[in-house]
Amino acid sequence: MVGGQIALTYQVDNYPGFPDGITGPELVDLMKRQAEGFGAEFLEEEATGVILGSTPFGVLVDETEYQGRSVIIATGSKNRSLGLESEERLMGRGVFVCATCDALLYEGKRVVVVGGGDSAVQEALDLTRFAKEVYLVHRRDRLSACKCLTDRASQDEKIKFIWNTTVTEILGEKKVEGVRLSNQETGNVWTLECDGVLLAIGWIPNTEIFRGQLDVDERGYITSTNGVDTSRAGVYVCGDLNDRRYRQVVTACGSGCMAALEVERYLAEKG
Amino acid sequence: MNPIFEQLPEHLQDAKYAKMNVLDSTENRNLAMEHGVMGTPTIKVFCEGRDIGEIVGFRALEKLVSELKDIFASREDCIAQSTPLE
Ligand SMILES: Cc1cc2nc3c(=O)[nH]c(=O)nc-3n(C[C@H](O)[C@H](O)[C@H](O)COP(=O)(O)OP(=O)(O)OC[C@H]3O[C@@H](n4cnc5c(N)ncnc54)[C@H](O)[C@@H]3O)c2cc1C
């Protein structure tokens with residue numbers, strides 16, 4: 001889908017140039033029109049493979065190959081999942097991934113947040129504005145989030161921590177009713193009743209189709225020395241795909257610009 | 001979802017559409033919660049005031065239209081009986 005994640009976001013308040021905020025779809029539409037003004041063409045297709053071994057490079061959509069002298073990859077990332085059947089079945093029915101979007105629907109309710117990094121703690125804090133109780137379930141014995149977030153969360157009376165514990169099942173038929181938890185140290189298994197489960201256990205970069213053609217690290221991120229180059233000259237990455245830290249529209253646009261300038265330089269040098 | 005939702009009337013004419021933003025007001029939020037909405041976007045289908053189906057999560061236009069058609073079809077009786085809403 002043109003626009004990616006932000007096309008699905010209701011309100012964007014932190015993109016420069018829009019002092020009153022703007023909706024995600026509107027922002028996407030403006031960007032698309034601007035790119036079209038410079039001659040960009042949009043194909044709403046899923047790339048199913050790439051041929052990066054020699055130039056011109058190829059991008060495959062099933063049988064059709066699109067060729068280019070250079071390629072910019074901006075495939076973003078997807079939320080990491082627990083890998084449970086119940087999680088998929090109850091997605092949107094109590095299981096959710098974005099507190100900003102759905103926290104309001106959990107007013108006065110009990111929500112379990114799974115994770116222990118910056119995003120988990122931030123989401124837990126966002127939830128406390130509405131939820132009655134927030135349980136943060138983490139598989140380790142301490143948070144890996146930054147100190148400022150950790151401090152705020154520790155002082156928040158609504159947030160309770162459950163350490164060394166994993167979620168082994170989400171309970172409920174039509175909507176979330178609880179989670180089954182397993183303590184990693186004691187092996188103790190127990191059930192916690194809740195109305196919602198927010199998953200914040202990280203992201204998986206969408207790099208499947210590039211593996212074997214570009215160097216990728218053990219977590220699936222494309223190896224890069226300056227943030228936008230790759231192991232293959234003429235192929236660049238940008239946006240959330242290779243961003244483990246900031247993940248904002250403005251930073252995605254910034255790295256997109258860097259990648260575009262690299263392409264320009266690369267093509268000029270190749271002549 | 002907005003851009004997709006707005007195209008629905010073109011594809012499925014025999015329904016009325018209403019959009020509700022849970023961020024707008026407490027009333028909206030309470031109404032959504034009363035109907036068991038736990039995530040955005042959720043589309044609820046009513047016939048004669050009865051809740052006859054829901055679609056939770058994002059869909060491409062084609063998929064959404066076909067799932068809505070299924071919900072509508074399974075309730076043809078209800079639709080046949082219903083008087084047009086003004
Ligand atoms: C709910 C939510 C709210 C957010 N709110 C804000 C906010 O208020 N402000 C802010 O700055 N940021 C916000 N963000 C973050 C922001 O959306 C991201 O940082 C930004 O969208 C990253 O852009 P991107 O283009 O790198 O990746 P994405 O937006 O993830 O786009 C990647 C695109 O690539 C496509 N793709 C993947 N694989 C293929 C393939 N094989 N073939 C073809 N296409 C493919 C995907 O379908 C997708 O369209 C929010 C994110 C979410 C989820």
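User: Which residues does A:Leu127 touch, leaving aside those up to four places away in sequence?

Analyst: In this predicted model, A:Leu127 touches A:Phe96, A:Ala99, A:Ala103, A:Val111, A:Val113, A:Val134 and A:Leu198, which means that each has heavy atoms within 4.5 Å of it. Local features need pLDDT of at least 70 and side-chain atom pairs 80 or more, while totals for chains, interfaces and linings use all residues. Residues are numbered from 1 along each chain as written, chains are lettered from A in the order written, and side-chain values use heavy atoms, without hydrogens or water.

User: What makes B:Ile4, B:Phe5 and B:Leu8 of helix H1 of chain B line one face?

Analyst: These three residues of H1 (2–11) are buried, that is, under 20% relative accessible area with a 1.4 Å probe, protein chains only. Seen down the axis of H1(B), the buried residues fall within an arc of 100° (taken from the directions from the axis to the C-beta atoms), so they line one face of the helix. They pack against strand S1 (42–47) and helix H3 (61–73) of chain B.

User: Why is the pair A:Glu107 and B:Arg29 called a salt bridge?

Analyst: The closest N and O atoms of the pair are 2.4 Å apart, and the rule asks for a side-chain nitrogen of Lys or Arg within 4 Å of a carboxyl oxygen of Asp or Glu, so the pair qualifies. Across the interface of chain B and chain A, the rule finds two salt bridges.

User: How many residues of chain B are in contact with chain A?

Analyst: Here 16 residues of chain B are in contact with 17 residues of chain A.

Terms used
Buried < 20%, exposed > 50% of the residue type's maximum accessible area, 1.4 Å probe, protein only. Helix = DSSP H or I, 4+ residues; strand = E, 2+ residues; numbered from the N terminus.
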